[in-house]
Amino acid sequence: AEDITSAKQASQDLVDRELQLSGIVETAMDAIITVDVRQRIVVFNRAASGIFRIDPAAAIGMPLSRFIPPRLQQRHAAHVDDFAKTGTTNRRMGAMHVLHGVRADGEEFPIEAAISRLGDGDDALMTVVLRDVSDARRAAAAVEAQRAAEAASRAKTEFLSRMSHELRTPLNAVLGFAQLLQGSGEPLTERQRIQIDHIRQAGWHLL
């Protein structure tokens, strides 16, 4: 009787832990996807459903490649397969990496993802934890664009300052000599007076 009671308690404890783990997975803010050695989806939490825009029940059993852009599917599948066999790949998939995913409607977007392995051989399971970094990418691009605009504005201001200095030095000399000619006391012809006046007017306009 004691053995049966202990077995029932152990079984109930296991069920409770599984329910607790399931609740954690479902309420996690990051998408959590678990695949078997054939790279078929066996766990697809609520966050994954929101990111990939597909019902979790519909995703179960699908190949993981369904959510990878076609041009990257073969290479990605090879990395996951290597990880399933060895626990390591040349991509160091245990750490976060910026990759690309594709939603159920075909929209491609950037993601950060990390993968871990549980078990070995045919019983191995790979769990991918990922997040959509589209907003972060857009924010970073906006910051970079703002920096570029500020740098361009500074460059323009510096250019105008230098050009103004370079123009003022000879221009002041031109205006000064024009004033000297007009006030020299030497007789000027009407044509010379008009030409000197043109020089002064153009010089002040440019200044």
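This passage walks through the fold, the longer-range links and the surface of a predicted model.

The structure is a prediction, so local features were kept at pLDDT of at least 70 and side-chain atom pairs at pLDDT 80 or more, while totals for chains, interfaces and linings use all residues. Residues are numbered from 1 along each chain as its sequence is written, and side-chain values use heavy atoms, with hydrogens and water left out.

Start with the overall layout. The protein chain holds six helices and five strands; here helices (H or I, at least four residues) and strands (E, at least two) are DSSP runs, numbered from the N terminus. Reading along the sequence gives the pattern α-β-β-α-α-α-β-β-β-α-α. The accessible surface of the chain adds up to about 14,000 Å², and 57% of that belongs to carbon and sulfur atoms; such areas come from the Shrake-Rupley method with a 1.4 Å probe, and for residues only the protein chains shown count as cover. Of the 207 residues, 25% count as buried. Buried means under 20% relative accessible area, exposed means over 50%, and partly exposed is in between (1.4 Å probe, protein chains only). As for contacts (heavy atoms within 4.5 Å), 40% of those between residues at least 6 apart in sequence join residues at least 24 apart.

Next comes helix α5, which covers residues 134-182. Its 49 residues should span 72 Å at 1.5 Å a residue, and its end C-alpha atoms turn out to be 69 Å apart, which agrees. The expected span here is 1.5 Å times one less than the number of residues. Helix α5 isn't perfectly straight, though: there is a bend of about 25 degrees at R168, with a proline, P170, following within four residues. That bend is the angle between axes fitted to the seven residues ending at a position and the seven starting there. The buried residues of α5 are S134, L171, L175 and A178, and they pack against β4 (108-118), β5 (125-132) and α6.

Helix α5 also has a side that faces out. F159, L160, M163, L167 and L206 make up a nonpolar patch on the surface, with about 480 Å² of accessible area together. Patches are built from residues with over 30% relative accessible area and no salt bridge; like charges are joined within 9 Å, and nonpolar side chains (Val, Leu, Ile, Met, Phe, Trp, Tyr) within 5 Å. Helix α5 supplies four residues, the largest share of the patch, whereas L206 sits in helix α6 (residues 190-206). L206 counts as exposed because its relative accessibility is 53%.

Now for the charged pairs. A search of the whole structure turns up 13 salt bridges, each being a side-chain nitrogen of Lys or Arg within 4 Å of a carboxyl oxygen of Asp or Glu. One of them joins R53 to D105, with the closest N and O atoms 2.9 Å apart. R53 is in the loop between α2 and α3 (56-59) and D105 in the loop between β3 (97-102) and β4, so this pair ties together parts that are 52 residues apart in sequence. R53 is partly exposed at 45%, while D105 is exposed at 51%. R53 has another quirk: a positive phi of about 60 degrees, although it is not a glycine.

R71 and E108 form another salt bridge, with the closest N and O atoms 2.7 Å apart. This pair, too, links distant parts of the chain, since R71 is in helix α4 (residues 70-86) and E108 in strand β4, 37 residues apart. R71 is exposed at 57% relative accessibility, and E108 is partly exposed at 35%. R117 also pairs up, this time with D120, at 3.2 Å between the closest N and O atoms. Salt bridges that share partners join R53, R103, D105, E107 and D132 into one network.

Two buried spots round things off. Q39, in the loop between β1 (31-35) and β2 (41-44), has a positive phi of about 65 degrees without being a glycine. With a relative accessible area of 11%, Q39 is buried. S49 belongs to helix α2 (residues 46-52) and is buried as well, at 15% relative accessibility. Leaving out residues up to four places away in sequence, S49 touches F44, I54, D55 and P56. From C-alpha to C-alpha, S49 and I32 are 9.5 Å apart in space, and they are 17 residues apart in sequence.
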